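Hi everyone, thanks for having me. Please bring up the sequence and the model on your screens, and I'll walk you through them.

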Amino acid sequence: MQQNELKDPFGRIVDYVRISVTDRCDFRCVYCMSEQMTFLPKKELLTLEEIMVVCDSFIELGTKKIRLTGGEPLVRRDIIYLIKHLGAHVKSGNLEEITITTNGSQLYKFSDHLFEAGVRRINVSIDTLEAEKFMQITRWGKLDVVLKGLFAAKKAGLKIKLNTVALRGINDNELASILKWAGEHDFDMTIIEVMPMGDIGSENRLDQYISVSEIQQNLLKQFNLIESRHQTPGPARYFEVAETGQRLGFITPLTHNFCESCNRVRMTCTGQLYLCLGQDENANLALALRSGGKDALKAAIIEAISRKPLGHDFMIERGASNQAVSRHMSVTGG
Ligand code: SAM
Ligand code: SF4
């Protein structure tokens, strides 16, 4: 295993990189993008080969975990080649884990390939188990296709965590039954607060927003939630659900500050490295790689980490604006 060379000014070791492989998506979730979303011209995206060089560089600098996200990572053409490349690093012990966050729409095709490539855990975003509502939230998604994919993934041997964004008046009264269903199928679950990222057209995030503490109070009426010893450097707080034996996480970027233990950075599909989800501090890795090759790229990564900000201050309740950070979650990767 490589020595980690990526320590930020606050002494935090950065060993986790999230990479958005495309800004495109086959869904149009109401909290994530507007229905008339304009995507980047394809030529602006890093090629898969370039993404491989970026990943190799991070791994050589000590990165232990890579998550592929998007947009929808599994709609990027030939994505499985990148996943196999990263899986080979896991098999050789250079990387601890390769994971994916997906909307599940392609899992019925890809699950076996993902497992063979070395993926063992995936996050699947699913906000409701009601077909009509699923269409209302995702605009273009079909629940039955996602469920088919979810069970194909389980059968392939992948450990699944559901990501559920809590939406007031839409799925807040369904969260308990999703949690119970998750328990029956051996899926962990994380409930996420809506974050103010990117223009979402006519939808209003203040209407969508419900705090995780309110949700937790509601769930406590039906479930015994025991604070879990499993804590990660990320924004989630974990509980064991006594009734189901599954793990439940809450992500509360708006109401709690989780920055002290932050160990991650994010790269967009155009090769911009963002050092904090809620700040604009970034580095142009595409330019470094294309102008100076891998050595210049590695130097740019090290320099960028030396500028990682201490934290962020999202202000959904206080700000007049709907959007604290102008880029979409689908650009930075969730
Ligand atoms: N398309 C994939 C998916 O939906 O899982 C991966 C990308 S998506 C941007 C990653 C995660 O971010 C998803 O779980 C999604 O629900 C969440 N997300 C997107 N926009 C969000 C927002 N404004 N606030 C909170 N979570 C958001
Ligand atoms: Fe697509 Fe994921 Fe955004 Fe939904 S949350 S629109 S699935 S990128």
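Let me start with a question: how far does a backbone N or O atom of G71 lie from a nitrogen atom of ligand 1? The distance is 2.9 Å. That falls under what I'll call a polar contact, a pair of N or O atoms within 3.5 Å; within protein, one must be able to donate a hydrogen and the other to accept it, and residues adjacent in sequence count only if both atoms are side-chain atoms.

Before I go on, some housekeeping. This is a predicted model, where local features need pLDDT of at least 70, side-chain atom pairs count only at pLDDT 80 or more, and totals for chains, interfaces and linings use all residues. Residues are numbered from 1 along each chain as its sequence is written, chains are lettered from A and ligands numbered from 1 in the order in which they are written, and side-chain values use heavy atoms, with hydrogens and water left out.

Back to ligand 1. M195 offers a polar backbone atom 2.7 Å from a nitrogen atom of the ligand, and N163 has a polar side-chain atom 3.4 Å from an oxygen atom of ligand 1. On its own, ligand 1 exposes 540 Å², and the protein buries 95% of that; such areas come from the Shrake-Rupley method with a 1.4 Å probe, and for residues, only the protein chains shown count as cover.

Who is around ligand 1? There are 19 residues, and the closest are Y31, G71, S125, V165 and M195; to be near, a residue needs a heavy atom within 4 Å. By class, seven are nonpolar, nine polar and three charged. Here Ala, Val, Leu, Ile, Met, Phe, Trp, Tyr, Cys and Pro count as nonpolar, Asp, Glu, Lys and Arg as charged, and the others, Gly among them, as polar. Strands β3 (97–102) and β5 (159–165) each supply at least two residues of this shell.

Now ligand 2. Its surroundings are C25, F27, C29, C32, M33, G71 and N103, so you'll recognise G71 from the ligand 1 shell. By class, that shell has five nonpolar, two polar and no charged residues.

Next, R24. This residue sits in the loop between β1 (16–20) and α1 (48–60). Is R24 buried or exposed? At 27% relative accessibility, R24 counts as partly exposed, because that label covers the range between buried, under 20%, and exposed, over 50% (1.4 Å probe, protein chains only). Leaving aside residues up to four places away in sequence, R24 touches F39, L40, P41, K42, G71, E72 and V75, where contact means heavy atoms within 4.5 Å.

On to the strands, which, like helices, are DSSP runs numbered from the N terminus (helices H or I, at least four residues; strands E, at least two). The chain has 10 helices and 12 strands. β1 and β2 run parallel, joined by five bridges, and two strands pair if DSSP finds at least two bridges between them. Within that pair, I19 stands opposite L68 in β2. Strand β2 (residues 65–69) is largely enclosed by the rest of the structure, because four of its five residues are buried.

Further along, β8 (residues 236–241) pairs with β7 (residues 225–227) in the antiparallel sense over three bridges. Five bridges join β8 to β9 (residues 247–251), also antiparallel, with R237 opposite F250. β8 and β9 form a hairpin with five residues between them, and G245 in the turn has a positive phi of about 80°.

To finish with the whole chain: buried residues make up 57% of its 334 residues. Thanks for listening!
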